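Reader: Before I plan anything at the bench, could you take me through some local features of this model, one at a time?

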Amino acid sequence: MKITTKILSTAAFTVLSLGVNASDDSHHLHQLYQENCASCHGADHGGYLAPALNADTLKGRSPTALRSIIMTGSFDTLMPPFYGKLSDDDIRGLVKHLQSTPKQPNPAWTLEDMKKSVQVYVQDESTLPSKPTYDIDSMDNIIGVAARGKYGRGTGSKAVFINSTTHKTIGEVPTGTAAHIIEFNPANPRWAYVKTDTAEIFKIDLYSMKALRSIKTGMNGPGIGVSRDGKYIMAGSFVPHNAVILNADTLEPLKTFELEGVDPDGKMVSSDSGMIIGTPFADIFAIALENAGQVWVVDLKDGFPVTKITDVGRHLHDAFLTHGGQKLMIASYDDSIVAAIDLKERKIIKTLPAGCVPHVGGGSAVKVDGRTLGFGTNFGDCDKMVVSVWDLDKMELVKQIPVSGGTESPAAHANAPYVAVDIISKDKRARTIQLIDKKSLDVAKTLDVGGHAYFPEYSADGKFLYVSAGYNGDEVAVYNSSTFEKVASIGMESPAGIFSRGRVKYMTRGLAPDEMKGAK
């Protein structure tokens, strides 16, 4: 795979598309930004995983302080030290470039651009093995880890696949830039799809652990979903503001969507893509327009018609499914709610209190004493740090559980006694996972993982809890889900999201397949 060449050509494209001054010096500094900063801070200088870096956001900031941060990194974030990687002249030049460059306009990235970006690494897929080339009892036992790599690109950036019964690595697929999300094809156990921070999607053959082809769908943005029949992928971008439906087999782009609409305050806006999700309920995708406060339901039939659900909330982000995939629970950062949407009726049925800056991650739901309970985390610095619990059958708040900090990604399993939440903070609390008893709905244990502990995920059988210990740990730690004895450590550079293939059967983490179908 000639990943490096492709990434460099993308950086050169971005220089031209964003209209940066073509002088040698500005070209060099813009390439430095694209190759070292853009995957976290945004290809348009407008922010992504990390804050926006442009003339407005950095106005009045000390150049010396900015240079120091670039040199030393930020201990409590994904940002590594660049001292030794970049020369002092480059760091000084980069600071001046950031403080003089405005947020860039959205570049064009058309259907034709996407088609031209398709790369094929295996020409004849009939030559692929007919079964896995490694020992595994069930493909559901595969855990995928999105390894970012220390600098968000390079040899450490890859998708790592693990057998969750042996805790051994069974495959690694390089992605060139930081892997962000791994989705599995629900209709065929051999296919997976990896999306990177630079909006490239790789089709992976899990039998041979090879990348078969890739496509670049934008500049950055994490949104990706796979349809229930495994025939389509939908991907969305922060830059530019669009989404695309792809043929899941060939990655051929079929239709793009311009993401714009009237927000809850009556203003016409162009919007980032929020969550994208396929559902076992119907042949549809749901996509959130983060800035427009809308959820679009796209029917997977001729023309891919769209139904627009408006006034959902301000700054929409993550979501999860419940009730057999018919109901969508979506977080609104700025309104402190989770909105419940009926995907059959295509309307909002309830808004639920969700605490400060709700961030539900991939969501978790459990069946306890006949009730379907959903768990939502809260991202950011809030006066009151809680995990919200809702009765998803009655659509009402049950409890808000005090936790030790902001939380990002809940994990649950029908066979595990606890719901695990990762604590995000700028002190030693970030080393911990808190474990909520499903029965009492209280924090029962605090697990010190080390490094920066985040993105917990249970194995398909629920016997083990996998946790990324990134930033400074550079390992995936594995624990017995009942005793919390550490049973394995799997080393990699800056591991982030963890994804069990078992999710395609239980849809939302915590529900067994029969419970998922039985929800009313």
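Author: The model is a predicted one, and a charge placed over a ring is a good place to start. Lys 85 lies over the face of Tyr 151, and its distance from the ring centre is 5.0 Å.

Reader: Which lysine lies over the face of Trp 191?

Author: A charge counts as sitting over a ring if, among other conditions, NZ of Lys is within 6 Å of the ring centre. At 4.2 Å from the ring centre of Trp 191, the residue that lies over its face is Lys 203.

Reader: How are the rings of Tyr 418 and Phe 484 arranged, stacked, edge-to-face or tilted?

Author: The count of aromatic pairs in the model comes to four. In the pair of Tyr 418 and Phe 484, the ring centres are 5.7 Å apart and the planes stand at 50°. Planes under 30 degrees apart would count as stacked and those over 60 as edge-to-face, so this pair is tilted.

Reader: How many residues apart are Tyr 418 and Phe 484 in the chain?

Author: Tyr 418 is buried, with a relative accessible area of 12%, and Phe 484 is buried as well, at 10%. Tyr 418 belongs to strand E28, whereas Phe 484 is in the loop between strands E33 and E34, so that the pair links distant parts of the chain, 66 residues apart.

Reader: Which strands stand at the edges of the open sheet that contains E2 and E3?

Author: The sheet has four strands in the order E4-E3-E2-E35, with antiparallel pairing. An edge strand has a single partner, so one side of it is left without a neighbour in the sheet, and this applies to E4 and E35.

Reader: Which residue of E35 is the bridge partner of Val 145?

Author: Strand E2, residues 142-147, pairs with E35 in the antiparallel sense over four bridges. Within E35, the bridge partner of Val 145 is Ile 498.

Reader: How many residues of strand E16 are buried?

Author: Strand E16 pairs antiparallel with E15 over five bridges, and six bridges join E16 to E17, also antiparallel. The strand, residues 282-289, is mostly covered, and of its eight residues the number buried is seven.

Reader: Which residue in the turn between E16 and E17 has a positive phi?

Author: At this hairpin, Leu 289 stands opposite Gln 294 in E17. Four residues lie between the two strands, and the one in the turn with a positive phi, of about 65°, is Gly 293.

Notes
Residues are numbered from 1 along each chain as its sequence is written. This is a predicted model: local features need pLDDT of at least 70, side-chain atom pairs count only at pLDDT 80 or more; totals for chains, interfaces and linings use all residues. Side-chain values use heavy atoms; hydrogens and water are left out. Rings of Phe, Tyr and Trp (its six-membered ring) pair if their centres lie within 6.5 Å; planes under 30 degrees apart count as stacked, over 60 as edge-to-face and the rest as tilted. Buried means under 20% relative accessible area, exposed over 50%, partly exposed in between (1.4 Å probe, protein chains only). A charge sits over a ring if NZ of Lys or CZ of Arg is within 6 Å of the ring centre and within 35 degrees of the ring normal. Two strands pair if DSSP finds at least two bridges between them.
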